[in-house]
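Here are my notes on the model you sent round. Have it open on screen as you go through them.

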Amino acid sequence: MSAEATNPSTPVPVVPTAVTAAVAPASVRRKSRPRIDLRRLGRAALLGPNARDRLPDAIGHVVEAHRAHHPDADLDPLRRAYVLAESSHRGQTRKSGEPYITHPLAVTLILAELGAETTTLTASLLHDTVEDTEVTLDQVREQFGEEVRYLVDGVTKLEKVDYGAAAEPETFRKMLVATGSDVRVMSIKLADRLHNMRTLGVMRREKQERIAGVTRDVLIPLAERLGVQALKTELEDLVFAILHPEEYEHTRELIAENADRTADPLAVVADEMRGVLREAGIPAEVLIRPRHFVSVHRVARKRGQLRGADFGRLLVLVGEDADCYGVLGELHTCMTPVVSEFKDFIAVPKFNLYQSLHTAVARPDGQVVEVLIRTHQMHKVAEAGVVALGNPYASGTDAPGTDTPGTDAPATEDPADGERADPTRPGWLSRLLEWQQAAPDPDTFWSTLREDLAQDREITVFRPDGGTLGLPEGASCVDAAYGQYGEDAHACIGARVNGRLATLSTVLKDGDTVELLMGQDPASEPSREWLEHAHTPAARIAIQRWLTTHPGGGAPADEPAGYRADADFRERRAPEFGPGGRPQGADVSTDRPGAAVRLAGCCTPVPPDEITGFPVRGGVVTVHRVECVAVAHMKSRGRTETGVRWGESTACRVTLVAESFGRRGLLADLTEAIALAGGDIVSATVEPPSEQRVRHTYTLQLPDAAGLPSLMRAMRDVPGVYDVSRTQHQALEPRIP
C-alpha cells in the first residue's frame with residue numbers, strides 16, 4: 001500500500017521458524033511450501049499472442065496457494081488483474097530497489113494462504129493501482145465488476161494534498177465505513193499492513209515507530225475483532241520488535257534457550273494424549289503450538305520464571321463438534337485436569353467467530369499444559385477469521401438483511417441481535433460506524449477510535465424482549481441505554497439487572513438481562529455524572545454533545561437529572577406530637593393506667609396492625625408493630641412488655657419511605673398523589689441523591705387507616721418511584737426522647 005515500505009538493509013529481527021509455524025495455516029504447514037522470493041519477481045513475459053491466455057509465472061505461488069483452498073476457482077480474473085497491475089506499476093520501485101509489483105503480489109499471497117476467495121485476491125492485486133498509477137476506479141469496474149471496484153476503493157488512501165494532517169484518520173474512517181458493507185476491505189488492508197511491517201527496516205527510526213504505533217493501536221485490534229489470528233500474531237511480534245527492542249531480544253533469547261533443551265514436556269504430553277485418544281477410538285491430530293513472541297513475553301511477566309510447558313500449547317484437531325467433547329472427557333478422565341482453566345467457546349463462541357474448548361492438564365512435576373480442542377473447520381476460522389468464510393455475500397450465504405456490497409446501506413437491520421451470527425456486519429462494527437457519524441472532527445474520531453479498539457473483549461447482555469446487546473467488557477447500564485436507545489437514552493432514569501433494581505453506574509457482566517427504565521419527560525437531560533460511567537464511545541459522545549450544546553445544563557454529580565426544580569423542597573417539618581406527648585390521631589389504650597402512649601417512629605404502627613408496648617423513661621409506653629426488629633431486641637434484653645390495644649378511632653399517623661429515580665417534578669407529583677389519596681403531610685425529608693436514586697421519607701396523617709394501602713399504591717404509580725414501604729428502623733434501640 002505504501003511505496004515507501006521497503007525491504008530492510010538491516011532487517012527487523014526475524015521470527016524464528018517455530019514461532020512462524022505457530023501462526024501459519026494448517027494447510028500451509030502440511031504442504032511445507034517454501035516462501036516465495038519476491039525479490040526475483042518483476043515483470044512477467046507478457047508479450048506475444050500466446051501469453052494472453054496463459055497464467056504469468058509471477059503469480060504461480062499465488063495460484064498454488066489459492067487452489068489449495070479453492071480447487072475449482074476461475075483463475076482468469078487473477079491473470080487479468082496481474083497483467084493490469086504489472087503494466088500499471090511498471091517502472092515503479094520500492095526503496096529497496098525491487099519492482100513495486102512485488103508488494104501487491106506479496107499481499108495477495110498472504111491472503112491466498114489464508115484461503116481468501118478469487119474476488120478478494122483480484123482486488124488485492126489491484127489495491128494500489130488507483131492510488132499510485134493512472135488506473136481509475138471506472139476502469140476497474142469496467143474490467144472486473146462492481147465488487148472489485150468497491151474493494152479497491154475501500155483501501156485507497158485519501159490524498160494528503162487534500163486532507164493534510166487529517167488524511168490518515170479520514171482514510172481509516174473511509175476504510176471502516178467501506179468495511180461496514182464488505183468486511184473483505186479490511187482483510188486486504190490487514191494483509192497490506194503485514195507486508196509493509198515485514199519490510200519496514202530501511203525507514204527512519206521515528207517513522208518505523210509511528211507506523212508501528214498505529215499498527216498496535218488500530219490494525220492489531222481490528223485483526224483480533226475480525227478473528228484473523230494468523231495476521232494478528234505476526235503483526236504483534238513485528239510491532240514488539242520495533243517498539244520494545246530490548247524486551248524483544250530478551251524474549252528471543254528465552255525462546256532460543258528453550259529450543260536447545262533436550263526434554264520437551266509438551267512433546268511428552270502430546271504423545272500421552274495421542275495414546276489416550278487412540279485407545280478411546282477418537283480420530284484426532286495432536287499438534288504442538290509454540291507461542292509467538294508477544295505471548296511468551298506476556299506469560300513471562302505473569303508467571304516469572306518460565307518452564308518448558310510455558311512456551312507453547314497443545315492443539316487437538318478432530319472431525320466433528322461432538323468429538324471435541326469426547327476428547328475433553330477422555331483427557332479429564334485419564335489425566336489430571338486443571339478445572340479452573342476450562343472454557344467452552346464452542347457452546348458460546350467469541351464475538352469474532354472463534355470456537356474452541358480450552359482446558360489444561362497438570363504433569364507430575366507440577367507443570368501445567370494448556371490444551372485447545374477444536375474441529376478442522378473451527379481451526380481454519382480461528383486462524384483466518386472472516387477471510388476463511390470465503391465470500392460471505394455470495395448466493396446461499398447471505399446473512400438476513402444484508403445489502404449488496406458496494407453500497408453505503410447498513411448490512412443488517414439489527415446487528416446487535418446477530419452479534420455472533422452475522423460475519424458480514426459484526427455488532428462491534430455497527431456500533432463503531434454509528435458513533436463515528438457523531439464525531440465529525442478528525443482528531444476526536446482518531447482518539448476515540450483508538451480508545452474503542454483498546455477495549456478488546458466484549459460481552460453480550462439480553463433485553464427483556466429476548467434481543468441482545470453487544471458491549472465492551474466493563475460497560476455499564478449507561479452504555480446499554482445509549483446502545484439501545486441512542487440519544488433517547490437521555491430520558492433513562494434507571495435499570496433492572498437480572499430482575500433487580502440497579503443504578504445506571506452498575507457494571508454489566510456477560511449474560512446479564514438488562515431492562516432500562518425510561519422517563520416520560522421529553523425535556524429529560526443526562527447527568528454529568530454519567531460521563532464517569534460511560535464506557536462506550538457512543539454513550540460518551542452523545543452525553544458530551546448534549547452538555548456542549550446546553551452550557552450549564554446537566555445535573556451535577558450529586559443531583560439527578562431534572563432534580564433542580566425541586567431543590568427548594570428538601571425538608572419540611574411540623575410538630576410531631578400533640579399535648580402530653582401523644583401523637584395526634586393516635587387512639588391506643590394501655591394496661592398501665594395514666595401512662596402516656598407514643599407510637600414508635602421506627603415502625604409507625606397503624607390500625608389494624610398487631611401491636612405491643614414497652615414502658616420507657618418518663619412514664620411513656622412506646623407502641624410497636626409486633627414484627628418490628630426493635631421488639632425482638634428489647635425482649636432479648638429482658639425488657640417487660642405491656643399490653644396495648646387500638647381504640648375506636650381509625651385516624652392514624654404513618655411514616656412512609658419512597659425510593660425513586662430522580663427526575664424533574666417528582667416531588668410535586670408525589671405530594672399531589674398523597675393529597676389526592678387523602679393524606680396530610682406532617683413532615684417530609686428528602687435525602688441527598690446517590691447515583692440517581694433518591695430516598696423520600698414522609699410522615700402522614702390519615703383520617704382512616706383503611707386508606708393506607710390505596711395511598712401507597714398511588715405513590716408507587718408516580719413515574720420514577722420504584723418502591724414505597726412503611727418505615728422499619730434498623731437501630732438496635734428504639735429512639736427515646
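The points below start with confidence, then go through helix packing, the two sheets and a couple of backbone oddities.

1. Confidence first, since this is a predicted model. The mean pLDDT of the protein is 78, and 80% of its residues reach 70 or more. Two stretches need a caution. Residues 3–52 stay under 50 in pLDDT, and for them the model has 104 contacts beyond four places in sequence. Over residues 556–585 the pLDDT is below 50 as well, with 87 contacts in the model beyond near neighbours in sequence. Where pLDDT is low, the predicted coordinates should not be read in detail. I'd treat the contacts of residues 3–52 and of residues 556–585 in that light.

2. Now the helix pairs. Two packed helices are described by the angle between their axes and the distance between the axes. Take helix H3 (residues 60–69) and helix H5 (residues 102–114): their axes come within 8 Å and cross at roughly 20°. An angle under 35 degrees counts as roughly parallel, so H3 and H5 are roughly parallel to each other. The crossing of H3 past H5 is left-handed.

3. Who actually touches whom in that pair? On the H3 side the contact uses His61, Val62, Ala65, His66 and His69, and on the H5 side Leu105, Thr108, Leu109, Ala112, Glu113 and Leu114. Sorted by class, the contact of H3 with H5 has six nonpolar residues, four polar ones and one charged. Three of the names to look for on H3 are histidines: His61, His66 and His69.

4. Helix H4 (residues 76–89) and helix H6 (residues 118–125) also have axes that come within 8 Å, here crossing at roughly 10°. H4 is therefore roughly parallel to H6. H4 brings Pro77, Leu78, Ala81, Tyr82 and Ala85 to the contact, while H6 brings Thr118, Leu121, Thr122 and Leu125. The split for H4 with H6 is seven nonpolar, two polar and no charged residues.

5. Which way do helix H9 and helix H11 run relative to each other, parallel or antiparallel? H9 (residues 146–155) packs against H11 (residues 167–181) at an angle of about 150°, with the axes 8 Å apart. An angle over 145 degrees counts as roughly antiparallel, and that makes H9 roughly antiparallel to H11. Tyr150, Asp153, Gly154 and Val155 of H9 meet Lys174, Met175, Val177, Ala178 and Ser181 of H11. In this contact of H9 with H11, five residues are nonpolar, two are polar and two are charged.

6. On to the sheets. One open sheet of three strands has the order S10-S9-S11 and antiparallel pairing. Strand S10 (500–502) and strand S11 (514–518) each have a single partner strand and stand at the edges, so one side of each is left without a neighbour in the sheet. From one strand to the next, the twist averages 30°. Strand S9 (residues 492–497) is joined to S10 by three bridges, with the two running antiparallel. As a landmark, look for Ala495 opposite Ala502 in S10. Helix H22 (residues 477–485) lies across S9 and S11, and it runs at about 75° to S11.

7. Another open sheet of three strands has the order S14-S16-S15, this time with mixed pairing. Its edges are strand S14 (596–599) and strand S15 (611–616); each has a single partner strand, so one side of each is left without a neighbour in the sheet. The twist here averages 30° from one strand to the next. S14 and strand S16 (residues 620–625) run parallel and are joined by four bridges. Ala596 has Val620 in S16 as its bridge partner.

8. Last, two backbone angles. Most residues other than glycine have a negative phi, and most peptide bonds are trans. Leu353 has a positive phi, near 80°, without being a glycine. Leu353 sits in the loop between strand S4 (343–344) and strand S5 (357–362). Asn498 is not a glycine either, yet has a positive phi of about 55°. Asn498 belongs to the loop between S9 and S10, the strands that three bridges join.

Key
Residues are numbered from 1 along each chain as its sequence is written. This is a predicted model: local features need pLDDT of at least 70, side-chain atom pairs count only at pLDDT 80 or more; totals for chains, interfaces and linings use all residues. Side-chain values use heavy atoms; hydrogens and water are left out. Axes are lines fitted to C-alpha atoms, for helices over the stretch in contact, and angles run from 0 to 180 degrees between N-to-C directions. Angles under 35 degrees count as roughly parallel, over 145 as roughly antiparallel, 65 to 115 as roughly perpendicular and the rest as oblique. A crossing is left-handed if the near helix is turned anticlockwise from the far one by less than a right angle, and right-handed if clockwise. Contact means heavy atoms within 4.5 Å. Ala, Val, Leu, Ile, Met, Phe, Trp, Tyr, Cys and Pro count as nonpolar, Asp, Glu, Lys and Arg as charged, and the others, Gly among them, as polar. Two strands pair if DSSP finds at least two bridges between them. pLDDT is the predictor's confidence in each residue, from 0 to 100.
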